[in-house]
Amino acid sequence: MRKRRAAEDLDDLAEDRQFVAAIARGFDILHAFRAEDPILGNQELAERTGLPRATVSRLSHTLTRLGYLTYLPRYGKYQLGLGAVPLGHLALANMAIRRLAAPLMRRLAEETDASVSLGHRHGLSMLYVEHISPRTAVALQLEVGSRIPIAVTAMGRAYYAAAGAAERAEIEAALEPRLGAEWPRTRDGLHEAAAMHASHGFALSPGDWNARVHAAGAAIPLPDGTVLAMNCGAPAFMLPPERLVAEIGPRVAAVARRVESLSGGGSSRAD
């Protein structure tokens with residue numbers, strides 16, 4: 001299991017005198033919870049964040065007192081508390097782009113029998129802010145709030161393709177030490193995806209993240225400089241490579257361009 005953030009990573013921000021490391025560590029605790037792992041103990045939180053067990057214990061206690069975590073005595077573990085709910089709902093409500101994108105995403109999901117999601121970068125992950133599943137029993141089991149890797153997913157690769165040179169370099173510098181021997185292949189995949197996105201308007205992940213899932217993704221640069229990305233994915237047997245290239249990729253690219261146009265955008269981001 002990879003740690004979300006090694007404690008020493010905070011050293012990179014040590015020269016920023018306005019940066020409050022304790023707050024960052026508290027958010028690291030909250031970000032460790034996922035839909036598939038909603039209940040975690042202090043040991044698991046320490047492993048995921050790279051923070052000392054004693055630090056995690058103090059942070060989890062504080063977050064529980066504030067209502068952002070709930071302690072479950074039966075398990076001796078924590079889950080996200082109701083105090084975290086209004087923040088997420090307010091953030092999503094402030095994203096007008098979701099209201100523009102949702103009808104187009106729903107139509108794409110229904111016409112392709114594939115799941116369609118919208119997300120933005122969160123560290124080295126892409127965070128789902130909208131998700132539409134088709135009316136089929138084989139829909140992918142992800143939802144709003146899910147996080148997927150930026151480096152090996154169609155959504156993440158599309159985001160990388162639309163990012164400026166400085167941000168791409170930042171992403172690569174953060175990925176290389178984490179991936180070790182896997183880095184050269186992952187880097188090549190990112191570069192190939194960026195080239196494909198530039199020429200075709202979409203990027204692919206034919207089983208690179210999950211061997212049983214194939215997906216295509218396209219970036220959505222917004223007028224304020226924000227970049228979102230959309231993906232369209234399904235079990236591999238439903239989306240063979242030839243369908244990904246000939247149908248799904250072009251269709252998700254067309255929807256992404258339509259959302260970009262509705263938002264008032266229409267130009268790609270570059271440095």
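This is a conversation between a visitor and a guide about a predicted protein model.

Visitor: How many helices and strands does the protein have?
Guide: The protein has 9 helices and 8 strands. As the model is a predicted one, every value mentioned here is computed from it.

Visitor: What share of the residues counts as buried?
Guide: Of the 271 residues of the protein, 44% count as buried. As for contacts with a separation of 6 or more, 56% of them in the protein come from residues 24 or more positions apart.

Visitor: Let us turn to α8. How many residues does it have, and how far does it reach?
Guide: Helix α8 covers residues 183-200, which gives 18 residues. From its first C-alpha to its last, α8 reaches 25 Å, close to the 26 Å expected at 1.5 Å a residue.

Visitor: Which residues of α8 are buried?
Guide: They are Trp183, Thr186, Gly189, Leu190, Ala193, Ala194 and His197. Seen down the axis of α8, these buried residues fall within an arc of 135°, so they line one face of the helix.

Visitor: Why do residues three or four places apart point the same way?
Guide: An α-helix has 3.6 residues a turn, so residues with that spacing point the same way.

Visitor: And which residues are exposed on the other side of α8?
Guide: Arg185, Glu192, Ala198, Ser199 and His200 are exposed there.

Visitor: What covers the buried residues of α8?
Guide: The cover includes two helices, α6 (154-162) and α7 (165-179), together with the strands β6 (203-206) and β7 (213-221). Just after α8 comes Gly201, which takes a positive phi of about 90°.

Visitor: You mentioned α6 and α7. At what angle do they pack?
Guide: α6 and α7 pack at an angle of about 135°, and their axes are 8 Å apart. That angle makes α6 oblique to α7.

Visitor: Which residues meet there?
Guide: From α6, Tyr159, Tyr160 and Ala161 meet Glu167, Arg168, Ile171 and Glu172 of α7. The residues of this contact divide into 4 nonpolar, no polar and 3 charged.

Visitor: A change of topic: where is Arg121, and is it buried or exposed?
Guide: Arg121 is in strand β3. Arg121 counts as buried, because its relative accessibility is 18% and the cut-off for buried is under 20%.

Visitor: What is Arg121 in contact with?
Guide: Leaving aside neighbours within four places in sequence, Arg121 is in contact with Met126, Ile150, Tyr159, Glu167, Glu170 and Ile171. Among these, Tyr159 belongs to the α6 side of the contact just described, while Glu167 and Ile171 belong to the α7 side.

Visitor: How far apart are Arg121 and Leu228?
Guide: Arg121 and Leu228 are 107 residues apart in sequence, and their C-alpha atoms are 7.5 Å apart in space.

Visitor: Now α2. Which of its residues are buried?
Guide: In helix α2 (residues 42-49), the buried residues are Asn42, Leu45, Ala46, Arg48 and Thr49. They cover an arc of only 165° around the axis, which puts them on the same side of α2.

Visitor: What covers them, and what follows the helix?
Guide: The cover of the buried residues of α2 includes α1 (21-31), α3 (53-65) and β2 (77-80). Gly50 follows α2, and its phi is positive, near 80°.

Visitor: Which residue has a positive phi although it is not a glycine?
Guide: Asp113 does, with a phi of about 55°. Asp113 is found in the loop between α5 (96-112) and β3 (115-122), and at 40% relative accessibility Asp113 counts as partly exposed.

Visitor: Where is Asp208, and what does it touch?
Guide: Asp208 is in the loop between β6 and β7. Not counting residues up to four places away in sequence, Asp208 touches Val152 and Arg157. At 40% relative accessibility, Asp208 counts as partly exposed. Its C-alpha is separated by 9.0 Å from that of Ala154, with the two residues 54 residues apart along the chain.

Visitor: Lastly, where does Gly264 lie, and is it buried or exposed?
Guide: Gly264 lies in the segment after α9 (241-262). At 56% relative accessibility, Gly264 counts as exposed. The C-alpha atoms of Gly264 and Leu222 are separated by 7.5 Å, although these residues are 42 residues apart along the chain.

Key
Residues are numbered from 1 along each chain as its sequence is written. This is a predicted model: local features need pLDDT of at least 70, side-chain atom pairs count only at pLDDT 80 or more; totals for chains, interfaces and linings use all residues. Side-chain values use heavy atoms; hydrogens and water are left out. Helices (H or I, at least four residues) and strands (E, at least two) are DSSP runs, numbered from the N terminus. The expected span of a helix is 1.5 Å times one less than its number of residues. Buried means under 20% relative accessible area, exposed over 50%, partly exposed in between (1.4 Å probe, protein chains only). The arc is that of the directions from the helix axis to the C-beta atoms. Contact means heavy atoms within 4.5 Å. Axes are lines fitted to C-alpha atoms, for helices over the stretch in contact, and angles run from 0 to 180 degrees between N-to-C directions. Angles under 35 degrees count as roughly parallel, over 145 as roughly antiparallel, 65 to 115 as roughly perpendicular and the rest as oblique. Ala, Val, Leu, Ile, Met, Phe, Trp, Tyr, Cys and Pro count as nonpolar, Asp, Glu, Lys and Arg as charged, and the others, Gly among them, as polar.
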